[in-house]
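Thank you for making time this morning. I would like to walk through some side-chain contacts, beginning with charged pairs and then turning to rings.

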Amino acid sequence: MGDAMVNGVTGRTALVTGASRGLGAGIALALAAKGFQIAVNYFSSEAAAEALCLWIEQAGGVAVAFKADVREEGEVAALVRAVEGKLGPVDVLVLNATGPQPFLAIEEQTWRAYLDQLEFFVKSPLLLLQAVLPGMKARGYGRVIQIGSEVMELGNPKFANYVAAKGAQLGQTRSWARELGPFGITVNLVAPGWIPVERHAEAPAEELEAYRKGVPLGYQGKPEDVGRMVAYLASEEAGFVTGQKIAVNGGNTLA
């Protein structure tokens with residue numbers, strides 16, 4: 001691969017949660033290509049995280065893997081300390097970590113099913129932002145990028161536990177953007193469509209085809225499509241963009 005992947009050096013550090021595979025890996029690769037040092041957070045997939053770091057390093061970038069359950073306050077604090085110790089202050093925080101996403105009919109849903117999603121999409125972002133915020137405020141600079149979903153517009157049935165948490169995540173993003181703007185910190189949300197990754201390996205071909213038919217561009221995206229949007233929002237060029245939800249879904253929602 002050589003050094004072709006790296007396009008300039010920003011001197012900044014990006015922490016990407018849930019980055020060992022799927023969308024997170026695509027985001028990490030896109031940020032590395034722009035010269036960010038990458039803190040690759042993972043929970044269980046150590047081999048995949050280390051392989052991603054090696055890939056980035058062989059391409060001329062800098063990446064280090066860090067294990068942490070980003071739903072746990074103590075682990076988040078330790079994660080941020082470790083990242084700062086190895087790579088320096090966190091300038092870009094990408095909130096991508098997720099877990100199981102069960103489809104449940106209303107009769108099957110429990111409050112625990114909602115809390116499981118809220119812990120990933122509301123609690124974890126809060127803990128992580130609180131951990132990096134003092135440094136961002138002191139430097140007068142920061143980029144916070146949430147990874148949301150198009151489900152807010154689609155209202156997928158048997159998925160209210162997930163959809164509700166994603167709605168809360170969007171509201172959190174907008175409130176944070178207003179509060180942190182005066183400190184030079186932008187907060188945005190990227191809302192991907194259905195982009196097949198490892199977790200979708202068992203998805204029936206007919207379901208994939210049915211989804212594609214509804215997308216104006218006629219195909220499903222790839223993790224790098226999301227990664228490129230995140231890299232833009234992390235850049236200096238996006239300094240006047242905040243509080244926005246940006247759909248990356250081939251026009252599937254047109255919003």
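Let me start with glutamate 153 and lysine 245, whose side chains meet in a salt bridge with an N to O distance of 3.7 Å; please keep in mind throughout that this is a predicted model. Glutamate 153 belongs to helix α5 whereas lysine 245 belongs to strand β7, residues 245–248, so this pair ties together parts that lie 92 residues apart in sequence. As for the surroundings of the two partners, glutamate 153 is partly exposed, at a relative accessible area of 35%, while lysine 245, at 17%, is buried, because the cut-off for buried is under 20%.

The structure holds 9 salt bridges, and two others that I would like to show you lie within helices. In helix α4, arginine 112 and aspartate 116 meet through their side chains at 2.9 Å, N to O, and because they are 4 residues apart in that helix, about one helical turn separates them. Both count as partly exposed, arginine 112 with 41% relative accessibility and aspartate 116 with 34%. In helix α8, which covers residues 223–234, aspartate 225 and arginine 228 are 3 residues apart, again about one turn, and their closest N and O atoms are 2.8 Å apart in a salt bridge. Aspartate 225 is partly exposed as well, with a relative accessible area of 25%. Elsewhere, salt bridges with shared partners join Arg12, Asp91, Arg139 and Glu236 into one network.

Now to the rings, where the structure holds 6 aromatic pairs. One of them is the stacked pair of phenylalanine 103 and phenylalanine 159, with 4.2 Å from centre to centre and 10° between the planes. This pair links distant parts of the chain, 56 residues apart, since phenylalanine 103 sits in the loop between β4 and α4 and phenylalanine 159 in the loop between α5 and α6. Phenylalanine 103 is exposed, at 56% relative accessible area, whereas phenylalanine 159 is buried, at 5%. Another pair, phenylalanine 120 with phenylalanine 121, is tilted, with 6.5 Å between centres and 45° between planes; phenylalanine 120 is buried at 12%, and phenylalanine 121 is buried at 2%. Ring pairs connect Phe103, Phe120, Phe121, Phe159 and Tyr162 into a cluster.

Which lysine lies over the face of phenylalanine 121? That is lysine 166, at 3.6 Å from the ring centre, and in a further contact of this kind lysine 137 lies over the face of phenylalanine 183, at 4.4 Å from the ring centre.

Technical notes:
Residues numbered from 1 in each chain as written. Predicted model: local features only at pLDDT ≥ 70, side-chain atom pairs only at ≥ 80, totals over all residues. Heavy atoms only, no water. Phe/Tyr/Trp six-rings, centres within 6.5 Å; stacked < 30°, edge-to-face > 60°. Helix = DSSP H or I, 4+ residues; strand = E, 2+ residues; numbered from the N terminus. Buried < 20%, exposed > 50% of the residue type's maximum accessible area, 1.4 Å probe, protein only. Lys NZ or Arg CZ within 6 Å of the ring centre and 35° of its normal. Salt bridge = Lys/Arg side-chain N within 4 Å of Asp/Glu carboxyl O.
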